[in-house]
Amino acid sequence: EKQPRNLAWLYILITIISLSVMAWAAWYVKNHKAVMIYHLPTVDPLNAALVQQHMGEVVTLEGTATSVTESILFHAHYVKFSESDSNVIKLSISFDAASGDQLKAFVGKRIQAMGRIELKANVLLLEVNSLSDIKAE
């Protein structure tokens, strides 16, 4: 008569794999860019205290674009939200991600942009990865 096989190790392995997949899925849903936009804090570019509070974080910046310039220091365009105050955060997007003409279409419009607030070479920037991260209202 055959002895029944002990398959407890197989059930344990399947359980571990299942829990790992579920944990990864939960992390992915929480951190994926498409999902994150709905959970991001909204920051006014003219509110310096709020910008500083979210330094290093991914946020949605909402404000009216006043002009587009080219960075002297970085391979990027800047979208400015103030002409009179050089300390106001600027939206930064690489030359490869968008042209100046594409960005000039946002001037005078209220925009929403998703990116990370960073301080680079003493310039306060919202680092935006692609043109699709910027929406005009």
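Of the 137 residues in this chain, 31% count as buried. Keep in mind that this is a predicted model. The chain has a radius of gyration of 23 Å, where a compact globule of 137 residues would come in near 14 Å. Its C-alpha atoms fill a box of roughly 90 × 30 × 30 Å along the principal axes.

**Overall layout**

- The chain holds four helices and eight strands.
- Going along the sequence, you meet them in the order α-α-β-α-β-β-β-β-α-β-β-β.
- Take the contacts with a separation of 6 or more: 51% of them join residues 24 or more positions apart.
- About 9,000 Å² of the chain is exposed, and 58% of that comes from carbon and sulfur atoms.

**The nonpolar core**

- In soluble globular proteins, nonpolar side chains tend to be buried together.
- Here, the largest nonpolar core has 22 residues, and the members that touch the most others are L91, L103, I111, L126 and I134.
- Strands β2 (58–64), β5 (90–94), β6 (110–120) and β7 (123–128) each put at least two residues into this core.
- I134 makes a good entry point if you want to click through the contacts: leaving out neighbours within four places in sequence, I134 is in contact with L91, I93, L103, F106, I111, Q112, A113 and V128.
- That list includes L91, L103 and I111, which are also among the core members that touch the most others.

**β7 and its partners**

- How much of β7 is covered? Mostly covered is the verdict, with five of its six residues buried.
- On one pairing, β7 runs parallel to β5 over four bridges, and S92 has E127 in β7 as its bridge partner.
- On another pairing, β7 runs antiparallel to β6 over five bridges, with I117 standing opposite L126 in β7.
- The hairpin of β6 and β7 has two residues between the strands, and A121 takes a positive phi near 50 degrees there.
- L126 thus turns up in two places: opposite I117 in the strand pairing, and among the core residues that touch the most other members.

**Two buried polar residues to look at**

- Is E62, found in strand β2, buried or exposed? E62 has a relative accessible area of 17%, and the cut-off for buried is under 20%, so E62 counts as buried.
- The E62 side chain makes a polar contact with the side chain of Q112 at 2.6 Å.
- Not counting residues up to four places away in sequence, E62 touches T42, V43, D44, P45, R110, I111, Q112 and E137.
- Q112 is shared ground: E62 touches it, and I134 is in contact with it as well.
- I111 is likewise on both the E62 list and the I134 list.
- S67 sits in strand β3, which covers residues 67–70.
- With a relative accessible area of 15%, S67 is also under the 20% cut-off and therefore buried.
- The side chain of S67 makes a polar contact with the side chain of E83 at 2.5 Å.
- Beyond its neighbours within four places in sequence, S67 is in contact with Y78, V79, K80, E83 and V107.

Terms used: Residues are numbered from 1 along each chain as its sequence is written. This is a predicted model: local features need pLDDT of at least 70, side-chain atom pairs count only at pLDDT 80 or more; totals for chains, interfaces and linings use all residues. Side-chain values use heavy atoms; hydrogens and water are left out. Buried means under 20% relative accessible area, exposed over 50%, partly exposed in between (1.4 Å probe, protein chains only). A polar contact is a pair of N or O atoms within 3.5 Å; within protein, one must be able to donate a hydrogen and the other to accept it, and residues adjacent in sequence count only if both atoms are side-chain atoms. Contact means heavy atoms within 4.5 Å. A nonpolar core is a set of buried Ala, Val, Leu, Ile, Met, Phe, Trp, Tyr and Cys residues joined through side-chain atoms within 4.5 Å. The radius of gyration is taken over C-alpha atoms; the globule rule is 2.2 Å times the number of residues to the power 0.38. Accessible areas come from the Shrake-Rupley method with a 1.4 Å probe; for residues, only the protein chains shown count as cover. Two strands pair if DSSP finds at least two bridges between them.
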